[in-house]
Amino acid sequence: MYSPGGYPVSHFCIGDDIDYIVTDRDGGIWTAYGDEGIYGDHPETTAGLARWDTDGIHTWSPRGRLPVWPLGGSAASTEEAVAWLAWYSHEGAFLSRVDPDTGDISSYRNPLRDTDGIAVRGTRMLLTSRYHNRPGVELSRAELVDDTWVITGQEKLRLPDPVVMRCVQGRDGMLWLRAGDTWVQIEA
């Protein structure tokens with residue numbers, strides 16, 4: 001844990017093989033794990049998704065409420081107090097919306113299999129799929145229609161530098177994309 005000034009203040013273990021990590025407005029830490037985290041020795045990571053507080057206390061897990069067992073995480077985002085986690089399994093790709101106040105979870109089929117970034121605002125979502133080590137991404141826009149995310153538009157974005165893994169963060173409907181030393185902001 002780092003202070004706002006950038007100094008280390010504490011440390012704790014939240015598991016192995018964290019594919020994606022994002023924080024919410026209350027300081028909660030949301031994690032989506034890869035196979036070593038899911039099938040590893042840390043008891044709170046075996047469900048594939050988790051929330052932690054700033055003291056490293058496990059505060060949320062899906063408890064069997066996902067449509068299928070996750071194999072790994074692909075993206076994460078927050079929308080005000082709500083967390084969105086994108087993950088995949090043997091049966092396809094999914095998006096899960098978690099309300100930390102109630103612990104309620106809603107899961108949807110992800111309209112794209114290879115998502116590496118998401119940002120959500122209401123019933124609109126941005127999804128990205130990067131071109132490995134090339135200066136561009138495919139940006140998809142989606143709308144929630146009758147409990148199904150539907151792609152409404154797609155475009156290829158050329159960026160100033162190559163895009164690498166885990167370079168996209170979503171917060172409050174804004175997608176922050178890092179390409180080399182440049183940050184690009186896209187609004188849902």
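**Figure 1. The largest pocket of the predicted model and the residues that line it**. In this predicted model, the largest pocket has a volume of about 270 Å³. Its lining is made up of 13 residues, and those closest to the centre of the pocket are Gly73, Ser74, Tyr88, Thr115 and Asp116. Three strands, β1 (18–23), β5 (72–79) and β10 (124–130), each supply at least two residues of this lining. Sorted by character, the lining residues of the largest pocket comprise three nonpolar, four polar and six charged ones.

**Figure 2. The aromatic pair of Trp30 and Trp60**. A pair of aromatic rings is described by the distance of the centres and the angle of the planes. The model contains five aromatic pairs, and one of them is formed by Trp30 and Trp60, whose rings are tilted, with 5.5 Å from centre to centre and 55° between the planes. Because Trp30 belongs to strand β2 (residues 29–33) and Trp60 to strand β4 (residues 58–60), the pair ties together parts of the chain that are 30 residues apart in sequence. Trp30 and Trp60 are both buried.

**Figure 3. The aromatic cluster of Trp84, Tyr108 and Trp149**. Trp84 and Trp149 form an edge-to-face aromatic pair, with 5.8 Å between the ring centres and 80° between the planes. This pair links distant parts of the chain, since Trp84 is in strand β6 (residues 82–89) and Trp149 is in strand β12 (residues 148–158), 65 residues apart. Trp84 has a relative accessible area of 2% and is therefore buried, and Trp149 counts as buried at 3% relative accessibility. Together with Tyr108, Trp84 and Trp149 form one aromatic cluster.

**Figure 4. Two separate nonpolar cores**. In soluble globular proteins, nonpolar side chains tend to be buried together. The largest nonpolar core of this model has 15 residues, and those with the most contacts inside it are Trp30, Leu49, Trp60 and Trp87. The elements β1, β2, β6 and β7 give two or more residues each to this core, and β6 gives the most, with three residues. A second core, separate from the largest one, has 14 residues, including Val137, Val163, Leu175 and Leu177.

**Figure 5. Asp146 and Asp147 in the loop between β11 and β12**. Most residues other than glycine have a negative phi. Asp146, in the loop between β11 (136–145) and β12, has instead a positive phi near 50°. Asp147 lies in the loop between β11 and β12 as well, and although Asp147 is not a glycine, its phi is also positive, at about 65°. With a relative accessibility of 72%, Asp146 lies over the 50% cut-off and so counts as exposed. Asp147, with a relative accessible area of 60%, is exposed by that cut-off too.

**Figure 6. Pro100 and its contacts**. Pro100 is placed in the loop between β7 (92–98) and β8 (105–109). Its relative accessible area is 23%, which lies between the cut-offs of 20% and 50%, so Pro100 is partly exposed. Not counting residues up to four places away in sequence, Pro100 touches Trp30, Arg51, Ala81 and Val82. The C-alpha atom of Pro100 is separated by 31 Å from that of Gln154, which is 54 residues away along the chain.

**Figure 7. Ile38 in helix α1**. Ile38 is found in helix α1 (residues 35–38) and is buried, with a relative accessible area of 3%. When its neighbours within four places in sequence are left aside, Ile38 is in contact with Tyr33, Thr45, Thr46, Gly48, Trp69, Pro70, Leu71 and Gly72. From C-alpha to C-alpha, Ile38 and Asp17 are 8.3 Å apart in space, while their separation in sequence is 21 residues.

**Figure 8. Trp176 in strand β14**. Trp176 lies in strand β14 (residues 174–179) and, with a relative accessible area of 33%, is partly exposed. Residues up to four places away in sequence are not counted among its contacts, and Trp176 touches Cys167, Val168, Gln169, Trp183, Val184 and Gln185. Trp176 and Arg25 are 151 residues apart in sequence, and their C-alpha atoms are 17 Å apart in space.

How values were computed. Residues numbered from 1 in each chain as written. Predicted model: local features only at pLDDT ≥ 70, side-chain atom pairs only at ≥ 80, totals over all residues. Heavy atoms only, no water. Helix = DSSP H or I, 4+ residues; strand = E, 2+ residues; numbered from the N terminus. Buried < 20%, exposed > 50% of the residue type's maximum accessible area, 1.4 Å probe, protein only. Contact = heavy atoms within 4.5 Å. 1 Å grid on protein atoms, 1.4 Å probe; cavity = no way out; pocket = protein on both sides within 12 Å on 5 of 7 lines; lining within 4 Å. Points joined across faces, edges and corners; volume = space filled by probe spheres on them. Nonpolar A, V, L, I, M, F, W, Y, C, P; charged D, E, K, R; others polar. Phe/Tyr/Trp six-rings, centres within 6.5 Å; stacked < 30°, edge-to-face > 60°. Core = buried A, V, L, I, M, F, W, Y, C linked by side-chain atoms within 4.5 Å.
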